[in-house]
Amino acid sequence: MTKVWQVVIVGCHPTSMLGTKLILEDEEGLTVDGMFATWEECLAGMEELRPDLVLSDYQMQGGTVEQVLPDMKKSSPCSHIIIMTEENDKEIFLPLIELGASGVLSKGATPGQLLQMIRGIREGFLSIPLEWIEKGFRPVASSRGLEGVLQLTQTEMFIMERIVQGITYDKIALEIEVSRRSIDNYLRKIYVKLEVSTRAQAIEKFALFSRQNKQIYA
């Protein structure tokens, strides 16, 4: 049985949001639990509802989604966020993905295209318009934020390497002859340098940096 995804819609046009709600609720496995017209309402609603999916306008009265996307992910880290733009703007695709979006789609997209993107995300895939590829767009892994790994000390690098390998904090503390509390202090510093807030995010960023280095020196 398909898990029902809770959806939140964020937009400045009530009629458009209502139309989107009707489209989504015609799809099996989707239910719209909230519609918000400001970024403030959006952040409060996401923290309360913790939706599986958020459909958000790119531009609102209070500014663009880039300004609030990090806070949206903090309010509900597991939410997938699709950004709806006025046109297929491939220039904002990678920056939005880096900030935590799961997809970018034109407001001119058909209901079928929107539902297809949602189905893809549910299956763990990210789709982009073929038109972008035909025009030469080549999405590549960005190195934005990875420079933070270079700021790690030798001890911090060792700790991250061991964490990626699945070694427990207690064992790492024994290996470098420090207390368990010292490991927590090291981790706080590592999180700041990597610009992350969770262990999973730190592992993901460190692992990505390691893979890129292997590719460079292979």
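**Close-up views of the predicted model**

A search of the whole structure, a predicted model, finds nine salt bridges. The legends below take up some of these pairs, then the nonpolar core, a surface patch, two helices and the backbone.

**View 1. Salt bridge between E27 and R119.** The side chains of E27 and R119 meet at an N to O distance of 2.8 Å. E27 lies in the loop between α1 (14-25) and β2, and R119 belongs to helix α5 (residues 111-122), so the salt bridge ties together parts that are 92 residues apart in sequence. E27 is buried, with a relative accessible area of 18%. R119 is partly exposed, at 36%.

**View 2. Salt bridge between K107 and D57.** The closest N and O atoms of K107 and D57 are 3.3 Å apart. This pair links distant parts of the chain: K107 is in the loop between β7 (103-106) and α5, D57 is in strand β3, and 50 residues separate them. K107 is partly exposed, with a relative accessible area of 33%. D57 is buried, with a value of 9%.

**View 3. Salt bridge between E175 and R162.** Nitrogen and oxygen of the two side chains are 2.5 Å apart. E175 lies in helix α9 and R162 in helix α8, so that the pair links distant parts of the chain, 13 residues apart. The relative accessible area of E175 is 32%, which makes E175 partly exposed. R162 is buried, with a relative accessible area of 18%. Elsewhere, salt bridges that share partners join D57, E86 and K107 into one network.

**View 4. The largest nonpolar core.** This core has 22 residues, of which V10, V54, V65, M72, I81, I83 and L96 touch the most other members. Two or more residues each are given by β1 (5-10), α2 (39-49), α3 (69-75), β6 (80-85) and α4 (93-99). The largest share, three residues, comes from α2. Leaving out residues up to four places away in sequence, M72 touches C42, L43, M46, V54, S56, V65 and I81.

**View 5. Surroundings of S56 in strand β3.** S56 counts as buried, at 0% relative accessibility. Its contacts, with neighbours within four places in sequence left aside, are V10, W39, V65, M72, I82, I83 and M84. Among these residues, V10, V65, M72 and I83 also appear in the list of core members that touch the most others.

**View 6. Nonpolar surface patch of L18, L22 and M35.** The three residues make a patch of about 270 Å². M35 lies in strand β2 (residues 30-36). The relative accessible area of M35 is 35%, and M35 is therefore partly exposed.

**View 7. Buried face of helix α8.** In α8 (residues 154-164), the buried residues are E156, I159, M160, R162 and I163. Seen down the helix axis, these residues fall within an arc of 165 degrees, so they line one face of α8. The helix is followed by G166, whose phi is positive, near 90 degrees.

**View 8. F206 in helix α11.** F206 is found in α11, which spans residues 199-217, and is buried, with a relative accessible area of 3%. Residues up to four places away in sequence aside, F206 touches V149, L152, M157, M160, E161 and V164. F206 and E161 are 45 residues apart in sequence, and their C-alpha atoms are 8.2 Å apart in space.

**View 9. Positive phi at R50 and E177.** Neither residue is a glycine. Phi of R50 is near 50 degrees. R50 lies in the loop between α2 and β3 (53-57) and counts as partly exposed, at 46% relative accessibility. Phi of E177 is about 60 degrees. E177 is found in the loop between α9 (169-175) and α10 (180-194) and is exposed, with a relative accessible area of 73%.

**View 10. The whole protein, for orientation.** The protein has 11 helices and seven strands. Of its 218 residues, 40% count as buried. The accessible surface comes to about 12800 Å², of which 53% belongs to carbon and sulfur atoms. Among contacts with a separation of 6 or more, 63% are accounted for by residues 24 or more positions apart.

Key. Residues are numbered from 1 along each chain as its sequence is written. This is a predicted model: local features need pLDDT of at least 70, side-chain atom pairs count only at pLDDT 80 or more; totals for chains, interfaces and linings use all residues. Side-chain values use heavy atoms; hydrogens and water are left out. A nonpolar core is a set of buried Ala, Val, Leu, Ile, Met, Phe, Trp, Tyr and Cys residues joined through side-chain atoms within 4.5 Å. Buried means under 20% relative accessible area, exposed over 50%, partly exposed in between (1.4 Å probe, protein chains only). Helices (H or I, at least four residues) and strands (E, at least two) are DSSP runs, numbered from the N terminus. Contact means heavy atoms within 4.5 Å. Patches are made of residues with over 30% relative accessible area and no salt bridge: like charges are joined within 9 Å, nonpolar side chains (Val, Leu, Ile, Met, Phe, Trp, Tyr) within 5 Å. Accessible areas come from the Shrake-Rupley method with a 1.4 Å probe; for residues, only the protein chains shown count as cover. A salt bridge is a side-chain nitrogen of Lys or Arg within 4 Å of a carboxyl oxygen of Asp or Glu. The arc is that of the directions from the helix axis to the C-beta atoms.
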